[in-house]
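Here's a quick walk through one protein chain, from its overall layout down to a couple of backbone details. Have a look at the model first, then read on.

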Amino acid sequence: MANIFDKYEKTQEFLICIDSDGCAMNTMEIKHRRCFAPEMIKTWNLYEKEDYILNLWYDINLYTKTRGINRFKGLAETFKIISNEGIEIDDLDSLVNWVETTNELSNKSLEREIEKTNSKALKMAYEWSLNVNKSIEQLPKGDEPFENVKEGLETLSKLVDVAVVSSANGEALDDEWNRHNFVRHLKALLGQEAGTKQYCISELKKKGYDEKKILMVGDAPGDLQAAKNNNVNFYPILVNKEGYSWKRLVNEVVPKLMNGTFDEAYQNQLIKEFNDSLK
Ligand SMILES: [Mg+2]
């Protein structure tokens, strides 16, 4: 089967892979604050301790080491914590068990599990997940790239090959990157259909880039892991400091990468800074 990687051609010595949500595009806050979290409160009728549960959701999904976690894992984590605090979630064990054992955390896989188990918690998680998708579709198309992304892409694309490596839905990704007229700066726009981030980086590596000449730019620990597993460099876009991070990417990080001074000590310093930025 022909795939997106067959068409890909390396044109520069260096490759920068860039995650989209929460890294280039300011989409995470709005999705969690207006869709994921309120739909959870509604589906499980958690209004009584709403503020506490909302803040817990934001911490798990945005501000701590689990930033960027899959929605179902985030849900199970939140519910495990609140149930320890005495807030009862009916049939929680079924949800936790599915999250821990399934090899695919998706609506489709959840449907199959519901057919097998008829579990109440899984049915509610499914309903929640569909409602989240609907509410995301209804968000105003006001999503914007972070500050300095536009200028950054313009500069970088003249120096290096640039590819977006994201686990977002391909259609949404196409829409966002075309709307802002950024696709012209890219060698590839890879969403979840192209494979995991780790897989996409490994396929791009096969196009002939030296490992040390590849940089993964991301905002979540999963991005760091995908880079590490491919033995390529990582640069963090720090939460709430995105504009600064993009400026530094262009003015300091890519120059260091290109002149050979992006060394282990520098990489470790960046990773430490990233870890310190997430509680
Ligand atoms: Mg991200």
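How many Å apart do the C-alpha centres of domain 1 and domain 2 lie? In this predicted model, the two centres are 28 Å apart. The domain assignment builds domain 1 from two stretches, 15–26 and 145–277, while domain 2 covers 28–137.

Let's start with the chain as a whole. Its secondary structure adds up to twelve helices and five strands. The radius of gyration comes out at 20 Å, close to the 19 Å from the globule rule for 279 residues, so the chain is as compact as a globular protein of that length. If you're setting up a box, the C-alpha trace spans about 55 × 45 × 35 Å along its principal axes.

Now for the place where the two domains meet. Nine residues of domain 1 touch nine residues of domain 2. Putting the domains together buries about 800 Å², and carbon and sulfur atoms supply 46% of that area. As for specific interactions, the rule picks out two salt bridges across the interface. There is a salt bridge between D21 and K31, where the closest N and O atoms sit 3.1 Å apart. Polar contacts across the interface come to three residue pairs, with both partners at pLDDT 80 or more. On the domain 1 side, the residues that touch domain 2 split evenly by class: three are nonpolar, three polar and three charged.

Which loops hold N148 and N231? N148 lies in the one between α6 and α7, and N231 is in the one between α10 and β5. Both asparagines have a positive phi, in each case in a residue other than glycine. Here they are side by side:

| Residue | Phi | Element before the loop | Element after the loop |
|---|---|---|---|
| N148 | near 75 degrees | α6 (120–137) | α7 (149–159) |
| N231 | near 60 degrees | α10 (221–229) | β5 (233–236) |

If you're checking backbone torsions, N148 with its phi near 75 degrees and N231 with its phi near 60 degrees are the two covered here.

Technical notes:
Residues are numbered from 1 along each chain as its sequence is written. This is a predicted model: local features need pLDDT of at least 70, side-chain atom pairs count only at pLDDT 80 or more; totals for chains, interfaces and linings use all residues. Side-chain values use heavy atoms; hydrogens and water are left out. Domain bounds come from an automatic or database domain assignment. Contact means heavy atoms within 4.5 Å. Buried area is the accessible area (1.4 Å probe) that two parts lose on being put together, summed over both. A salt bridge is a side-chain nitrogen of Lys or Arg within 4 Å of a carboxyl oxygen of Asp or Glu. A polar contact is a pair of N or O atoms within 3.5 Å; within protein, one must be able to donate a hydrogen and the other to accept it, and residues adjacent in sequence count only if both atoms are side-chain atoms. Ala, Val, Leu, Ile, Met, Phe, Trp, Tyr, Cys and Pro count as nonpolar, Asp, Glu, Lys and Arg as charged, and the others, Gly among them, as polar. Helices (H or I, at least four residues) and strands (E, at least two) are DSSP runs, numbered from the N terminus. The radius of gyration is taken over C-alpha atoms; the globule rule is 2.2 Å times the number of residues to the power 0.38.
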